[in-house]
Amino acid sequence: MTAGLVAITGAAHGIGEALALEAIGWLCLTETKRRLRDFRQGLDQVSALYARATLPVRMISTV
Amino acid sequence: MVFANAGILRAGEILDQDIADFEQMFAVNVSGTILTAQALVPSMEAQVEASVFVVTGSTSMLSAGPGFGGYAASKHALLALTEALDAELVRRGSSVRAALLCPAAVQTEIADGGSELLDKLKRRMATHGITPNEMARIAFDELANGQSVVFSSEPSKVVALERLQSLLSGRFITSTRAPETGSR
């Protein structure tokens, strides 16, 4: 299993927060800037969807 | 790698619970997961490396009990969605696979809310649950071993098996148990 980037929804607390901490050990930053940009655009889309619904969740990406 | 982990819990008996609670749980737990997949899987497929779209389910996707029907229904939906998503990814030759976490009791804040049902669940989580860090470690270890479905404990597999056996024998597992309260 490789993990260039890890995105986690619901990472503010609980399992999501723990997954984020655990993920740091798995990250190997081999992504190109283009891929990173595309990925972040995807994250922005999802974040916007959650924000629009005013739901008690937020997203972080650990890069 | 993406973890579609956001989820909420609203407890209540089906005949009494506000429909808004069901709708909010399905919006976050189910629609949120679908939207996350739709937004991020294409970017994951564009990467050179294989990756995994991991959905946080629950043992509630393999069982259902009083007071948590809506939550269990949303988690049952995640089992079906994740299984179907993985099949679709395989069929199109994708480098991405779907996987499912199946945590039993984990000591998180999901049961904070002040109701009697939630307080009871929270006490059970405190006495029987594992920590979020333990769950995360199990998740990464099992995913690294190629597991697509990750359980946090062996007893939860037994519960799931008993439930399936009961259904296949034509009965709900709850019909063989005495009710906890006799109010209804």
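A good place to start is B:Val54, which touches B:Met1, B:Val2, B:Phe3, B:Ala4, B:Ala99, B:Leu101 and B:Leu143, leaving aside residues up to four places away in sequence. Keep in mind as you look around that this is a predicted model. B:Val54 also belongs to the largest nonpolar core, a set of 41 residues, where B:Val54, A:Leu19, B:Val2, B:Phe53 and B:Ala139 touch the most other members. Strand E3 of chain B, residues 96-102, gives the most to this core, with six residues. Apart from it lies another core, of eleven residues, including B:Met25, B:Tyr71, B:Ile110 and B:Leu121. As general background, nonpolar side chains tend to be buried together in soluble globular proteins.

Let us move on to the helices of chain B. Helix H1 of chain B covers residues 19-46, and its 28 residues reach 40 Å from the first C-alpha to the last, close to the 40 Å expected at 1.5 Å a residue. There is a kink in H1(B) all the same: about 35 degrees at B:Leu40, shortly before the proline B:Pro42. Many names appear on the buried list of H1(B), among them B:Met25, B:Val28, B:Gly32, B:Thr36, B:Leu40 and B:Met44.

B:Pro42 also makes a handy reference point for a look at helix H2 of chain B, residues 69-91, where B:Ala80 is found. B:Ala80 and B:Pro42 are 38 residues apart along the chain, and their C-alpha atoms are separated by 21 Å. Is B:Ala80 buried or exposed? It counts as exposed, because it has 11 C-beta neighbours inside 10 Å, and the cut-off for exposed is 12 or fewer.

Helix H4 of chain B, residues 132-144, is a nice case to work through. Its 13 residues should span 18 Å at 1.5 Å a residue, and its end C-alpha atoms are 18 Å apart, which agrees. Which residues of H4(B) are buried? They are B:Pro132, B:Met135, B:Ala136, B:Ala139, B:Phe140 and B:Leu143. These residues cover an arc of only 130 degrees around the axis, so they sit on the same side of H4(B). The general rule behind such patterns is that an α-helix has 3.6 residues a turn, so residues three or four places apart point the same way. The face of H4(B) turned away from its buried side carries the exposed residues B:Asp141 and B:Ala144. Just after H4(B), B:Gly146 takes a positive phi of about 90 degrees.

Chain A has two helices and two strands, running β-α-α-β from the N terminus on. Of its 63 residues, 37% count as buried. Among contacts in chain A between residues at least 6 apart in sequence, 58% join residues at least 24 apart.

Finally, a word on confidence. The mean pLDDT of chain B is 88, and 95% of its residues reach 70 or more. Within chain B, confidence is highest in H2(B), at 97, and lowest in helix H3, residues 116-128, at a mean of 80. Chain A averages a pLDDT of 58, and 29% of the residues score at least 70. The pLDDT is below 50 over residues 28-34 of chain A, a stretch with six contacts in the model beyond near neighbours in sequence. Residues 52-63 of chain A also have a pLDDT below 50, and this stretch has 31 contacts in the model beyond near neighbours in sequence. Where pLDDT is low, the predicted coordinates should not be read in detail. For the complex, the predictor gives an ipTM of 0.81 and a pTM of 0.80.

Terms used
Residues are numbered from 1 along each chain as its sequence is written. Chains are lettered from A and ligands numbered from 1 in the order in which they are written. Helices (H or I, at least four residues) and strands (E, at least two) are DSSP runs, numbered from the N terminus. A residue is buried if 20 or more other C-beta atoms lie within 10 Å of its own, exposed if 12 or fewer, and partly exposed in between; C-beta atoms are placed from the backbone. Two residues are in contact if their C-beta atoms, placed from the backbone, lie within 7 Å. A nonpolar core is a set of buried Ala, Val, Leu, Ile, Met, Phe, Trp, Tyr and Cys residues joined through C-beta atoms within 7 Å. The expected span of a helix is 1.5 Å times one less than its number of residues. The bend at a residue is the angle between axes fitted to the seven residues ending there and the seven starting there. The arc is that of the directions from the helix axis to the C-beta atoms. pLDDT is the predictor's confidence in each residue, from 0 to 100.
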